[in-house]
Amino acid sequence: MMPVEWPIAAGAADQPVEPARAAGRDRLPIVRRDLFLDDRARLTEQERALMSAMLGALVDQISDEIRVGLSPDVLAHAEPDRDRIVPRLWKCGALDRPALILLLLRRADEQLIAAACRGSRGHGDGGTVERLVGDSDGSIASAAMALAVARGRRRDRFGRLGLEFDDVPRDEATCLVHLVAGAMRQGIKGTAVEIDEALAGAAERLLDRHDEDRRVERRALGLAQAIDAARGADDGLVAALAAEGDAALLAALCAVRAGIAPETAWMLLVNDGARDAMLLARLAGLGRPAAAAMVAALAEPLLWGGPGEAIARFDTPAASDIEAARRWWGLPPAYRDGLAQMGGSNG
């Protein structure tokens, strides 16, 4: 059950359709794609709302940071507010960037999974990360504190985990900052090259402050590595994280145990159903009780089907099949993506 505070509309980033575009041939290509879209790939209303709100907030954050770096002379010619920046970027399609959309989708899925698990238990956060802050092992406690602080900084007044600028991968951040700067330039009167120099300089100074080590995903991986180094396999912790709906830390821990990239583990856990999720469990060396705990907690929010069918996916593969899968999924994600674009895949 979703909290009543969650938005149904996207807010600032959700722009109304112009009447002239609401009918006729201009709409037909979009309608055709939407009509034949697989329902399993379609965004839910909650995902669409969360992603749109996060995207708008991220653009606002970047524009505010750029604005701080501008001189009073430039600001005197600028728009008094930022409300037109997102619509400009939205209208021209500049925000339709795969890496950015993938990050937004991941954060929305994290929210929906956590909310579903909290609702099924009938109480608030389980607090595994908070408990690990007080762990007797210093490396675990330190990494848990770093993750807790990073998540706390990003939560809004409804407790939803959003995005900060540092969460955006470096290459994507570079493009996004300059897109926002370009949208801001359209709202500044005058043609003097000094205006462009000021905006470009402010954008570069913001990028100089960008730090990927502060990404939530990096902090989760750091905690997973600390746990694995200090304690090795801990199926009880996996079961606890699944029950809390902490899919991000669960995926990171499975990635470390399986020896695969964190983004690969997330994809196997969330994107492709029970078969790949249970393959991840086998790659991570989970025992059957831990895999069953994952099924009990995550089968419903992730639409894995019946629990019996899901756990059968854990039991079925032979050890040789698991080893072959380990070698394939252990390859660099960029190589697998490149091979897929060439029309080949062994996954």
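# Exercises on a predicted all-chain model

The protein chain contains 18 helices and zero strands. The coordinates belong to a predicted model. Buried residues account for 42% of its 347 residues. Among contacts between residues at least 6 apart in sequence, 74% join residues at least 24 apart.

## Exercise 1. Two helix pairs

Determine how helix α11 is oriented relative to helix α15, and which residues make the contact.

*Solution.*

Step 1. Helix α11 spans residues 235–244 and helix α15 spans residues 288–298; the two pack at an angle of about 5°, with their axes 8 Å apart.

Step 2. Angles under 35 degrees count as roughly parallel, and α11 is therefore roughly parallel to α15.

Step 3. On the α11 side the contact is made by D235, V238, A239, A242 and A243, and on the α15 side by A290, A293, M294, A297 and L298.

Step 4. Sorted by class, this contact of α11 with α15 has nine nonpolar residues, no polar residues and one charged residue.

Now carry out the corresponding analysis for helix α2 and helix α8.

*Solution.*

Step 1. The axes of α2 (residues 45–68) and α8 (residues 170–185) come within 10 Å and cross at roughly 70°.

Step 2. The range from 65 to 115 degrees counts as roughly perpendicular, and α2 and α8 are therefore roughly perpendicular to each other.

Step 3. The residues L58, V59, I62, S63, I66 and R67 of α2 meet L176, V177, V180, A181 and M184 of α8.

Step 4. The residues of this contact of α2 with α8 divide into nine nonpolar, one polar and one charged.

## Exercise 2. A pair of alanines between α11 and α15

Locate A240 and A293, classify their accessibility, and state their separation.

*Solution.*

Step 1. A240 is placed in helix α11, whereas A293 lies in helix α15.

Step 2. Partly exposed residues fall between the limits of 20% and 50% relative accessible area. A240 has a value of 25% and is partly exposed; A293, with 21%, is also partly exposed.

Step 3. A240 and A293 are 53 residues apart in sequence, while their C-alpha atoms are 8.3 Å apart in space.

Step 4. With neighbours within four places in sequence left aside, A293 is in contact with A239 and A242. Both of these α11 residues belong to the contact with α15 described above.

Step 5. A293 can also be placed relative to I311, 18 residues away along the chain, with a C-alpha separation of 9.8 Å.

## Exercise 3. The nonpolar cores

Identify the residues with the most contacts inside the largest nonpolar core, and the helix that gives the most to this core.

*Solution.*

Step 1. The largest nonpolar core has 60 residues, and those with the most contacts inside it are L223, L269, L298, W304 and W329.

Step 2. Helix α12 (residues 247–258) gives the most to this core, with nine residues.

Step 3. Another core lies apart from it, with 39 residues, among them A94, V180, M184 and I195. V180 and M184 are also among the α8 residues that meet α2.

Step 4. For W304, leaving aside neighbours within four places in sequence, the contacts are L269, G273, A274, A277, M278, M294, V295, L298, A299 and A310. M294 and L298 also take part in the α15 contact with α11.

## Exercise 4. Individual residues

Is R151 buried or exposed, and which residues does R151 touch?

*Solution.*

Step 1. R151 is found in helix α7 (residues 138–154).

Step 2. The limit for a buried residue is under 20% relative accessible area; at 10%, R151 counts as buried.

Step 3. Not counting residues up to four places away in sequence, R151 touches V129, L161, V216, D246, A248 and L249.

Step 4. R151 and V216 are 65 residues apart along the chain, and their C-alpha atoms are separated by 6.8 Å.

Describe the backbone and setting of L303.

*Solution.*

Step 1. L303 has a positive phi of about 55° although it is not a glycine.

Step 2. L303 is placed in the loop between α15 and α16 (307–315).

Step 3. With a relative accessible area of 73%, L303 is exposed.

How many disulfides are there, and how accessible are C175 and C254?

*Solution.*

Step 1. The count comes to zero disulfides.

Step 2. C175 is partly exposed at 32% relative accessible area, whereas C254 is buried at 1%.

Methods
Residues numbered from 1 in each chain as written. Predicted model: local features only at pLDDT ≥ 70, side-chain atom pairs only at ≥ 80, totals over all residues. Heavy atoms only, no water. Axes fitted to C-alpha atoms, helices over the stretch in contact; angles between N-to-C directions. Helix = DSSP H or I, 4+ residues; strand = E, 2+ residues; numbered from the N terminus. Parallel < 35°, antiparallel > 145°, perpendicular 65-115°, else oblique. Contact = heavy atoms within 4.5 Å. Nonpolar A, V, L, I, M, F, W, Y, C, P; charged D, E, K, R; others polar. Core = buried A, V, L, I, M, F, W, Y, C linked by side-chain atoms within 4.5 Å. Buried < 20%, exposed > 50% of the residue type's maximum accessible area, 1.4 Å probe, protein only. Disulfide = S-S within 2.5 Å.
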